[in-house]
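Trainee: I'm new to this one, so could we look at it together?
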Amino acid sequence: MIKSNVSETQTNQLAQSNIISSQIAPFMNNVNNAYTRSYVEDIIKQHSLDSRSRVLVIDQEMHVILDSYDDFESQNLDLVEVDNALMGINSANIYRYKTDYIMYTAVPIIFQNEIIGVIFMSVNADFIFENVQNILDKLIIIFLIALFVSFFISVFFAEIISTPIESLTESVKKVTLGNYQTKVEVKGNDEIGALGNAFNSMSVKLFQVDDRRKKFVSNVSHELRTPMTSMKIVSDTLLSQDHWDEAIYREFMQDINSEVDRLNNIIDSLLYLVRIEKDEIELDYSVTYVNYLIEKVIKTIKPIAQMKHIEITFISNNKIQINLDQEKMQQCLLNIVGNAVKYTPENGMVNVSLTDRRDTIAISIMDNGIGIPEKDVPFIFDRFYRVDEARARKTGGTGLGLSIAQQIVQLHQGSIEVTSHMNQGTDITIILPKH
């Protein structure tokens, strides 16, 4: 800004100086003539009045011939600008004297291609810096206003932002202490609101997991206590008398053996889940005919199905061969098909089908059993989750079978889809990639 104003003023002053130079150049050689001197003096004084500047006419010896203010006549003026002008160079510079800025300009007086003198002008340049100072003053005022407004806005928004964050922090502390039912009030749809919604979702999930964990502990305690109690009763009975008939003795020992097997199944399931959580399970892939694997599973479960007069059918259009861990996939299918038989009433039906898709295969287990309530479908693979506690205890199990099945499928990079309708049946589809 300052540089532009200075350059513009210098250009204007040099232009004025050149106008004066061209006007008086023809009269310089005869300037000592009273008439000519008066004419030249009128010219410089008129320009001085018009431009509010001081105009000096200087000869080649740096003597002031004329001064529009009549002060410096006959004096020498040895300045850089005058030296430059005598060498044919236009000059313009600004100097500061005390509190004022002054601009000096000097141009040569040329007549018949010869430098015969110098036009020197000085003008007050305070106006250049006054304009800039006014602008700076305005900018400072605008800056201060903007600073105040920014401070006010910052305080205002800090209060808006910090209040929900402080509330969220307090809620996090409560959740850390185990109060999983803690919620935060969500206002608006901004990032803070999204964070609040995420926290509430997390809180709900933690509460559900904790609730299922408590139920699971209760169920496991019951499952462990039941065989332990049975074995205790049987063993106490055996010890109550010195002699027992061998048939009764063997029956009691068979009951104890059955309960021990039940305990082992519960413990094995728990240990298997722990190993999965620690990523200790590794798949032993091998080329497997999936048809044969399914037939083997059906053959294993068929005796249980026959006891309930449940028909198990298997449908497959062609033989499918892929890489998978036979043992673990067999365990997965035993859990799912076993569940289908377990929760299908007598004289029911369980249908297993195998379909070859482009990049995957699908194993579908469909029954016409009791079905699963719609609200429970998203959670049936969650660990510790049981749809009906009473029915689960009646049919046996710990609610871990489906969770283990899902983990096995996911280890194979597959997925499980579930559709179910109450009192109509359930369809569970295992989708596995072709390796």
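Mentor: Sure, we'll go through a helix, then a sheet, then a single residue.
This is a predicted model, where local features need pLDDT of at least 70, side-chain atom pairs count only at pLDDT 80 or more, and totals for chains, interfaces and linings use all residues. Residues are numbered from 1 along each chain as its sequence is written, and side-chain values use heavy atoms, with hydrogens and water left out.

Trainee: How far apart are the end C-alpha atoms of helix α2?
Mentor: Helices here are DSSP runs of H or I with at least four residues, and strands are E runs of at least two, numbered from the N terminus. Helix α2 covers residues 34-51, and its 18 residues should span 26 Å at 1.5 Å a residue (the expected span is 1.5 Å times one less than the number of residues). The end C-alpha atoms agree with that, being apart by 26 Å.

Trainee: What arc do the buried residues of α2 cover around the axis?
Mentor: Buried means under 20% relative accessible area, exposed over 50%, and partly exposed in between, with a 1.4 Å probe and protein chains only. The buried residues of α2 include V40, I43, I44 and H47. They sit on the same side of α2, because the arc (taken from the directions from the helix axis to the C-beta atoms) is only 130°.

Trainee: Which strands stand at the edges of the open sheet of five strands?
Mentor: The order is β7-β9-β10-β12-β11, with mixed pairing; two strands pair if DSSP finds at least two bridges between them. An edge strand has a single partner, so one side of it is left without a neighbour in the sheet. That picks out β7 (311-316) and β11 (415-421).

Trainee: How many bridges join β7 to β9?
Mentor: Strand β9 takes in residues 349-356 and runs parallel to β7. One pairing to look for is S316 with its bridge partner L354 in β9. The number of bridges joining β7 to β9 is six.

Trainee: Is T426 buried or exposed?
Mentor: T426 lies in strand β12 (residues 425-433). Its relative accessible area is 8%, so by the cut-off of under 20% T426 is buried.

Trainee: Which side chain makes a polar contact with the side chain of T426?
Mentor: A polar contact is a pair of N or O atoms within 3.5 Å; within protein, one must be able to donate a hydrogen and the other to accept it, and residues adjacent in sequence count only if both atoms are side-chain atoms. The pair at T426 comes in at 2.8 Å, and the partner is the side chain of S420.
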